[in-house]
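Here is a walk through one protein model, with the fold taken piece by piece. Have the structure open beside you while you read.

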Amino acid sequence: MPTIAFRRSTRVSGGSKVADQIAINGEIDSTPQKRRLRSSSSSSSTTEDNVVTSNLTPSTMESSPCKWKSPRRCVNDSPKSPLKANRGDKAVSMSKSPVKRRLSESFLEKPMWNPRDMEQLNAVKEALHVSRAPSNLVCREVEHNRVLEFCKQAVEQEKAGSLYICGCPGTGKSLSMEKVNKVLVNWAEESSFQAPDTLSLNCSSLSNTSDIFGKILDKIQQRRKPNSYTSPLQYLQKMFSEKQQSAVTKMLLIVADELDYLITKDRAVLHELFMLTTLPFSRFILIGIANAIDLADKFLPKLQSLNCKPTVVTFRAYSKDQIISILQQRLKAFPYTIFQPQALELCARKVASASGDMRKALWICRSAIEMLESEIRDSINSLDLPSLHGGVPDQQRDGACDKSLILESNVVRVDHVAIALSKAYRSPVVDTIQSLPQHQQIILCSAVKLFRGKKKDATIGELNISYLDVCKSTLIPPVGIMELSSMCRVLGDQGILKLGKAREEKLSRVTLKVDEADITFALQGIRFFRNCLQQS
């Protein structure tokens with residue numbers, strides 16, 4: 001009997017509860033009833049042990065996608081739970097790997113950006129359209145508040161005044177004035193002030209610059225037929241020089257956009273317009289908007305001598321971070337990813353370095369979406385991907401992976417933005433670099449990597465080492481140093497490189513004659529050049 005107990009305890013040490021209890025007790029009754037119980041428990045424990053040991057073999061542990069846990073560690077299980085039930089639950093929970101399970105859940109919870117869906121496509125394009133005014137004014141809070149406080153003060157004191165807004169095109173001047181006008185009307189109603197009338201003019205649309213005074217007069221009152229000797233300007237000057245006539249009129253907010261048209265065409269009209277705000281009983285709040293910053297220096301001294309110098313608010317060009325913030329603010333309403341972060345950064349960096357024009361950035365983003373749309377339309381017949389609106393039953397097992405590939409191919413990438421940028425900023429240097437043979441482009445890529453930092457020139461031998469490294473990383477057979485020197489001379493003839501003279505060919509000094517940013521921009525659309533230039 002002790003021998004039998006020893007053998008049973010050794011065999012069932014893998015997890016039989018009955019055998020563990022027998023081994024702990026150390027005593028075995030020899031009665032037939034207890035022998036039958038022991039025999040039945042032994043057979044059941046043997047069956048259960050075979051199940052456990054078969055699931056704990058090393059081969060199974062290595063091939064399992066995740067670490068096997070004991071059934072007793074499960075939250076809903078107890079030490080007395082049947083082992084087969086636990087194993088069944090585990091088998092159900094392990095039918096999918098954790099990675100695929102997380103992917104499928106995320107794709108089910110978050111809708112995918114589908115440029116083949118015309119409704120989604122049109123919604124994104126509309127959000128990025130220039131005429132679409134955003135709900136919140138981003139990155140122009142300081143300028144907006146200055147203009148608003150100026151208008152509030154004029155309405156409260158019922159005092160005329162003039163303000164001049166200058167800035168480069170696409171810096172939010174007109175949009176800020178639209179927001180100021182809406183906020184001013186709401187503030188006047190809440191504060192029990194009389195809201196001013198608003199007259200918005202575009203000076204470039206005037207056939208005659210002096211017509212601006214006729215439009216102002218039409219806004220104030222129904223034009224009377226003055227005699228032939230009285231012009232609209234004279235009528236306005238007379239009206240706001242007499243208290244009785246000016247008292248019956250409301251404050252008038254005049255927003256004159258494209259004011260630089262008056263500066264270049266007829267400065268006398270511009271001077272008379274600002275002088276209307278200095279009349280004794282004037283009711284004008286004049287806000288002029290111009291695109292050029294330096295034009296203020298040309299006419300402000302004259303206005304100052306006439307005692308009608310306006311307050312100046314300058315709208316600076318948008319920086320890279322501000323452009324990214326504005327684009328993200330326009331796209332945040334959509335519950336899916338449309339642009340790669342690197343693509344938005346490339347667009348913002350190029351636009352900020354060129355002009356800071358937000359309208360140009362919006363146009364580039366819309367053009368990049370059209371590039372993606374064209375790419376999908378051209379390759380839709382060659383792609384073997386499931387439809388986004390319905391699944392194939394035999395492909396449900398790998399649905400998450402297929403959807404992740406679709407999502408990745410539907411996002412606007414860096415190369416799409418690079419093509420759109422090349423259309424927006426066409427330059428002879430970029431066109432020349434993009435039309436070069438492959439090895440000459442590799443030489444320029446090698447020169448950009450070599451000249452990063454403080455180094456501005458190098459020998460042909462040093463350039464050859466960098467060139468060999470690039471060719472090795474791209475698996476392109478390199479040319480010899482003599483042929484490389486000959487191609488450098490060709491690039492020098494085109495004005496891209498400057499090649500010095502030396503006794504030995506490999507000791508000649510090489511310098512870039514174009515901006516590194518132009519080379520990076522020109523080669524950005526080619527994947528292996530992009531990866532090469534992004535490496536440190």
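Which residues of strand β8 are on its covered face, and which are on the uncovered one? Keep in mind that this is a predicted model. In β8, which spans residues 509-512, V510 and L512 make up the covered face, while R509 and T511 sit on the uncovered one. That pattern fits a general habit: in a regular strand the side chains alternate between the two faces of the sheet.

**The antiparallel sheet**

Strand β8 belongs to an open sheet of 3 strands, in the order β6-β8-β7, with antiparallel pairing. The edges are taken by β6 and β7, each of which pairs on one side only. On average, neighbouring strands here are turned by 25 degrees against each other, direction ignored.

Now for the pairings themselves. Strand β6 (residues 457-459) joins β8 in the antiparallel sense over 3 bridges, and T459 faces R509 across that pairing. Strand β7 (residues 497-499) is also antiparallel to β8, again over 3 bridges. There, L497 stands opposite L512, and K498 stands opposite T511. So if you want to trace β8 residue by residue, R509 has T459 across from it in β6, whereas T511 has K498 and L512 has L497 in β7.

A helix goes with this sheet too. Helix α23 lies across β6, β7 and β8 and runs at about 90 degrees to β6. Follow the chain on from α23 (460-474) and you come to the loop that leads to α24 (481-493), which is where P477 is found. P477 counts as exposed because its relative accessibility is 62%. In sequence P477 is 38 residues from H439, and in space the two are 9.7 Å apart, C-alpha to C-alpha.

**The parallel sheet**

The other sheet to look at is an open one of 5 strands, ordered β2-β3-β4-β1-β5, and its pairing is parallel. Why is one side of β2 and of β5 left without a neighbour in the sheet? Strands β2 (197-202) and β5 (311-315) stand at the edges and have a single partner strand each, so one side of each has no neighbour. From one strand to the next the twist averages 15 degrees.

Helix α10 (residues 211-220) packs on this sheet, where it touches β2, β3 (252-257) and β4 (284-290). The direction of α10 makes about 160 degrees with that of β2. Elsewhere in the sheet, strand β1 (residues 161-167) pairs with β5 in the parallel sense over 5 bridges, with C166 standing opposite T314 of β5.

**Cysteines**

How many disulfides does a search of the whole structure find? The count is 0. Two cysteines make the point nicely, given that a disulfide needs sulfur atoms within 2.5 Å.

| Cysteine | Closest cysteine sulfur | Sulfur distance |
|---|---|---|
| C168 | C166 | 9.0 Å |
| C445 | C532 | 3.4 Å |

The sulfur of C168 is too far from that of C166 for a bond, and the sulfur of C445 is likewise too far from that of C532. Their surroundings are worth a look as well: C168 is partly exposed, because its relative accessibility is 30%, but C445 is at 0% and so counts as buried.

**A helix with many buried residues**

Helix α16 (residues 320-331) has 12 residues. From its first C-alpha to its last it reaches 17 Å, close to the 16 Å expected at 1.5 Å a residue. Which of its residues are buried? In α16 they are I323, I324, I326, L327, Q329, R330 and L331. These buried residues pack against three helices you can pick out by number: α7 (118-127), α17 (341-354) and α18 (358-379).

**The whole protein**

Stepping back, the protein has 26 helices and 8 strands. Of its 536 residues, 41% are buried. Among contacts with a separation of 6 or more, 75% are between residues 24 or more positions apart. As for the surface, the protein exposes about 30,300 Å², and carbon and sulfur atoms supply 51% of that.

Conventions. Residues numbered from 1 in each chain as written. Predicted model: local features only at pLDDT ≥ 70, side-chain atom pairs only at ≥ 80, totals over all residues. Heavy atoms only, no water. Pairing = 2+ DSSP bridges. Helix = DSSP H or I, 4+ residues; strand = E, 2+ residues; numbered from the N terminus. Axes fitted to C-alpha atoms, helices over the stretch in contact; angles between N-to-C directions. Contact = heavy atoms within 4.5 Å. Buried < 20%, exposed > 50% of the residue type's maximum accessible area, 1.4 Å probe, protein only. Areas by Shrake-Rupley, 256 points an atom, 1.4 Å probe, with all protein chains shown as cover. Expected span 1.5 Å × (residues − 1).
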